[in-house]
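Colleague: I'm still new to reading models like this one. Could you pick one part, take me through it slowly, and then show me how it sits in the whole?

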Amino acid sequence: MANKKAILNQLADYFAKNGMMTPSEYKSAADAPMRYMLAKRPFGSWTRMQGMIKSNFPNQWAKAMGVEAAAPVVEEAPKVAAPKKAATAAPKKAKK
């Protein structure tokens, strides 16, 4: 996992500086931080790698795609559950 994270961080920084690229554009780039196969191998596909950059590094993704970064979602405090009522005993079965 640490290897994936390090590769993803390098690629995210590179794409933030140069914009998102297709595989053929990346292969022909002279200043790429690593070879195409090394960039793709831990993730299985180029699209999956791009998706992981989007989810793990949203600021670099926004720069690479030329859009503004979305504001972080502020979660509300969890609601407190209502106190439970005391359970009543089940009626006893009548003897036959």
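Modeller: Sure, and let's start with two words we'll need: a residue is buried when its relative accessible area is under 20%, and exposed when that area is over 50%. Keep in mind that this is a predicted model. Its mean pLDDT is 84, and 92% of the residues reach 70 or more.

The part I'd pick is helix H4, which covers residues 46-56. Which residues of H4 are buried? They are Trp46, Met49, Gln50 and Ile53. These four sit on the same side of H4, because they span an arc of only 100° around the axis. The general rule is handy here: an α-helix has 3.6 residues a turn, so residues three or four places apart point the same way. Now turn the helix around in your viewer. On the face turned away from the buried side you'll find Thr47 and Ser55, which are exposed.

So what is that buried side facing? Let's follow Ile53. Leaving out residues up to four places away in sequence, Ile53 touches Leu8, Leu11, Ala12, Phe15, Pro58 and Trp61. Ile53 also belongs to the largest nonpolar core, which has 20 residues. Along with Leu11, Phe15, Tyr26, Trp46 and Met49, Ile53 is one of the residues that touch the most other members of that core. Helices H1 (2-18), H3 (36-40), H4 (46-56) and H5 (58-65) each give two or more residues to the core. The biggest giver is H1, with six residues. As a general point, nonpolar side chains tend to be buried together in soluble globular proteins.

Next, step along to H5. Its buried residues are Gln60, Trp61, Ala62 and Ala64. Take Trp61, which lies in this helix. Trp61 counts as buried because its relative accessibility is 17%, and the cut-off is under 20%. Again leaving out residues up to four places away in sequence, Trp61 touches Met20, Gln50, Ile53 and Lys54. Both Gln50 and Ile53 are on our list of buried residues in H4. Trp61 and Gly19 are 42 residues apart along the chain, yet their C-alpha atoms are separated by 8.8 Å.

Right beside Trp61 in the sequence is Gln60, also in H5. Gln60 is buried too, with a relative accessible area of 18%. With the same sequence neighbours left out, Gln60 touches Asn9, Ala12, Asp13 and Ala16. Ala12 is also on the list of residues that Ile53 touches.

Now zoom out. The protein has five helices and zero strands, and along the sequence the pattern reads α-α-α-α-α. Among these elements, H5 has the lowest mean pLDDT, 88, while helix H2 (residues 23-28) has the highest, 92. Just after H5 comes Gly66, with a positive phi of about 75°.

How does the end of the chain fit in? Lys95 lies in the segment after H5. Lys95 counts as exposed, because its relative accessibility is 84%. To tie this back to H4, compare Lys95 with Arg48: they are 47 residues apart in sequence and 67 Å apart in space, C-alpha to C-alpha.

The overall numbers are worth a look as well. The C-alpha atoms fill a box of roughly 90 × 35 × 20 Å along the principal axes. A compact globule of 96 residues would have a radius of gyration near 12 Å, but this protein has 26 Å. Of the 96 residues, 26% count as buried. The exposed surface comes to about 7800 Å², with 57% of it supplied by carbon and sulfur atoms. Finally, among contacts between residues at least 6 apart in sequence, 53% join residues at least 24 apart.

Notes
Residues numbered from 1 in each chain as written. Predicted model: local features only at pLDDT ≥ 70, side-chain atom pairs only at ≥ 80, totals over all residues. Heavy atoms only, no water. Core = buried A, V, L, I, M, F, W, Y, C linked by side-chain atoms within 4.5 Å. Buried < 20%, exposed > 50% of the residue type's maximum accessible area, 1.4 Å probe, protein only. Contact = heavy atoms within 4.5 Å. pLDDT = per-residue confidence, 0-100. Rg over C-alpha atoms; globule rule 2.2 N^0.38 Å. Areas by Shrake-Rupley, 256 points an atom, 1.4 Å probe, with all protein chains shown as cover. Arc of directions from axis to C-beta.
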